Amino acid sequence: MKFGSFDDSSKEYIIDTPMTPLPWINYLGSRNFFSLISNTAGGYTFYKDAKLLRLTRYRYNNCPGDIGGRYYYICDGETVFAPGWQPIKTPLDRYRCRHGLGYTIFEAEKNGLAASLCCFVPRDDNCEINHLTLQNCTNQPKTVDVFSLREFCLYNTVDDATNFQRNFSIGEVEVENGIIYHKTEFRERRNHYAFFGVNRPPEGFDTARDAFCGPYNGFDCPEVVKNRKSTDSIAHGWAPIGSHHHKLILAPGEKTSLVYLLGFIQLPDEEKWERPGVINKSPAKAMLRRFDTAEKAEAALREIREYWNSLLSKFTISSPDRKLDRMVNIWNQYQCMVTFHMSRSASYYESGVGRGMGFRDSCQDLLGLVHLIPKLARKRILDIAATQFEDGSAYHQYQPLTKQGNLDVGSGFNDDPLWLIACTSAYLRETGDFSILDEQVPYDNDEAMATSLLEHLDRSCRYTVTHKGPHGLPLIGRADWNDCLNLNCFSTQPGESFQTCSNFESGKAESVFIAGMFVKYGRELADIHTALDNVQAASEILAEVQIMEDAVQQSGWDGQWFLRAYDAFEQPVGSHVCGEGKIFIEPQGICVMAGIGLQDGRARRALNSVRQYLDTPYGIVLLQPAYTKYYANLGEISSYPPGYKENAGIFCHNNPWISCANAVVGNGNEAFRIYKKTCPAYIEDISEIHRTEPYVYSQMIAGKDAPTFGEAKNSWLTGTAAWAFVSISQYILGILPELGGLSIRPCLPDELTGYHIRRVFRGAEYDIEVENHAGGNHITSFTVNGTPQADCLIPYDESIRHYDVTVVLG
Ligand code: BGC
């Protein structure tokens, strides 16, 4: 069952009922100012950091789930409705929510009054615009009252939600010409304020929530709206809000609009005040003037559209498969950009207070978008590397505002360092910009300890080499990619965090997954050294890679698949000898991607086992059989009920690894079959089961052991976005950036008879035509600008700005 549909020409997903199974959201903002917005206009806004600079309030775990947002009450006679349906829930004659790239538009109609609300964050200003248009579609005049509502957050959202003894007394506002300025704490230590304005002077306003709602009402039936009259309240403490009232008279057919703006202003200390006690409003007024007409708002929206169209034009496909095209061209790349900005901080499942920028997460996110924003990717790599410890290990997280590592979610995840090699290698392959390796980068943000980025990568590599266990495999530390496989924690205290509790440090628990990573990314590091003519360094790394590969072959193979790990007692994890958790997905993906077992058939056998034991109609589960009880020696993984999250859920993030691995062994049909299983556009029809947004990936789908098999959770902020894009663009469609140039090595399913891709690579344009009539994936002809070529690497040549590439597969 569907609750909407894709409109590929406008790059929108159009939702046609407000009653989606869960809130279906979008993100506004592309620089520093961001908003989350649901299909019923819920969500909140923040500047740079969802924890420390939250501008509007949102209550997670609320009932109903999604209350609080940008609300407009439209009163037409006795009827009150909202363009996003919430919070009044008056049944609408017509409702559409159009989530587009960087904007969301609601279209509603009730009793012949049409309302459209267009929400976006302009490219160059720190504000959210809400452009409300009303049209009287009847042949009678209408008098309409419109009330707006935003509830301010007192900036630090944790404090805002907990420290009531202080916060109920500190709220302060100013109002001038109907513009509401939220200046809590501005008097002392803050140098910023938020404001909510509108381009037409209102009849009245409210800034105190109690006055607006009445002490016993919610947002669904505020007193002020009931009375059709604002109270001009001024908040003194309690809960500051912003609300305006407009009375509009609309002749038959007449259309009018209001442009609302929620803005954020930061001022140097000496410019904070206009006069004692009165804040400096001039930058806010200037911002309001930039958007004070419908035309200006429309122009700003056009700019957003142009920005996204131009950004996404760097990789476009045209193929016989519409679903493939819409994911590759639009939604997958868009989600990659959102994960770049948010990491794992702010979604409808990430509260914006817990997790900042993950070291591993942010490194992986780059894999999917380095072609879109190479300059920002460069900066991000340097920021992440600057949090690395001197010995090569890493904090698991850093704060977006300060860029300092923090121990809130611990450290000692021994895969972390290797992801730095992964993303730097991806950056170099995309851009050819080796100068990044010479950048002087601190350790733990201490400039005194700075070394070149290349040295950081070498230390990442050395960290693995010098931290091995009894089988010569890498020690897992607190965990590896699978945060919940905690082989050294042995936690038995209720509520204790698996990420930060004291570790037993067995010195024994080893990870086959990290071993596979080391083989893959160790080789990539050796390639980098080779390109730099560091022959000695390259050969030393390759020797270590060989030792690791031998260790995997020797001690990491279980007979039909790769083992997952050894626990603190040197017992295998993910082996046929285990009672539960006999086979895991991760090592099968990463080891095959690393090329382990390609010669001796183990790679194929491992992938066959994945299909035999882990495959389900909704995707590949993480492990089987699910753990049915808690094992202290395995940790959090066994704390989840069977079928959820890491305990045999369909963890979407590592499904693409199996796609990639199948492409590595030349099985295009299987690679694509797996790609489609979790790919949003292909499962749109089962939205009533899947429940999360059908245009983006979710982190997890409940596995076959779960009572809610097929139900997804944690949409949007997941490494799945990046890996899905890598799997489809590089492994299946085969557009693979390499240090020496761009390779075209498709591994297509029989059903895809060809495609045309336009790809911008290092500033040159590549028009790539691939024909796949006979299936089989052998390249029978490869021509570049009319000249046949024996190799599928097109060496980078600065003097050629356009390449016409034709590849025939047979
Ligand atoms: C984390 C990832 C981790 C994955 C598997 C996600 O919640 O963000 O870093 O790899 O879970 O445990």
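Okay, let's start right at the ligand: one of its oxygen atoms sits 2.7 Å from a polar side-chain atom of Arg360. Keep in mind that this is a predicted model. Next door in sequence terms, Asp361 has a side-chain N or O atom 2.6 Å from a ligand oxygen. With Trp481 the contact comes from the backbone instead: an N or O atom there lies 2.5 Å from an oxygen of the ligand. And how much of the ligand does the protein bury? On its own the ligand exposes 310 Å², and 95% of that gets buried by the protein.

So who else is around it? Besides those three, the surrounding residues include Arg355, Asn482, Asp483, Glu646, Phe651 and Gln699. Sort that shell by class and you get 5 charged, 2 polar and 2 nonpolar residues.

Okay, on to the pockets. The largest one has a volume of about 890 Å³. It has 37 lining residues, and nearest the centre you'll find Arg429, Lys520, Glu524, Tyr731 and Leu736. Elements giving two or more residues to that lining are α10, α12, α16, α19 and β38, with α12 contributing the largest share, 7 residues. The class split for this lining is 22 nonpolar, 9 charged and 6 polar.

Then there's the second largest pocket, with about 620 Å³ of space. It's lined by 25 residues, and the ones closest to its centre are Arg31, Asn32, His341, Arg380 and Lys403. Two or more lining residues come from each of α7 (322-342) and α9 (374-385). By class, that lining has 13 nonpolar, 8 charged and 4 polar residues.

Conventions:
Residues are numbered from 1 along each chain as its sequence is written. This is a predicted model: local features need pLDDT of at least 70, side-chain atom pairs count only at pLDDT 80 or more; totals for chains, interfaces and linings use all residues. Side-chain values use heavy atoms; hydrogens and water are left out. A residue is near a molecule or strand if one of its heavy atoms lies within 4 Å of it. A polar contact is a pair of N or O atoms within 3.5 Å; within protein, one must be able to donate a hydrogen and the other to accept it, and residues adjacent in sequence count only if both atoms are side-chain atoms. Accessible areas come from the Shrake-Rupley method with a 1.4 Å probe; for residues, only the protein chains shown count as cover. Ala, Val, Leu, Ile, Met, Phe, Trp, Tyr, Cys and Pro count as nonpolar, Asp, Glu, Lys and Arg as charged, and the others, Gly among them, as polar. On a 1 Å grid over the protein atoms alone, a cavity is a set of points where a 1.4 Å probe fits but cannot get out, and a pocket is an open set with protein on both sides within 12 Å along at least five of seven lines; lining residues have an atom within 4 Å of a point. Grid points are joined across faces, edges and corners, and a volume is the space filled by probe spheres set on the points. Helices (H or I, at least four residues) and strands (E, at least two) are DSSP runs, numbered from the N terminus.
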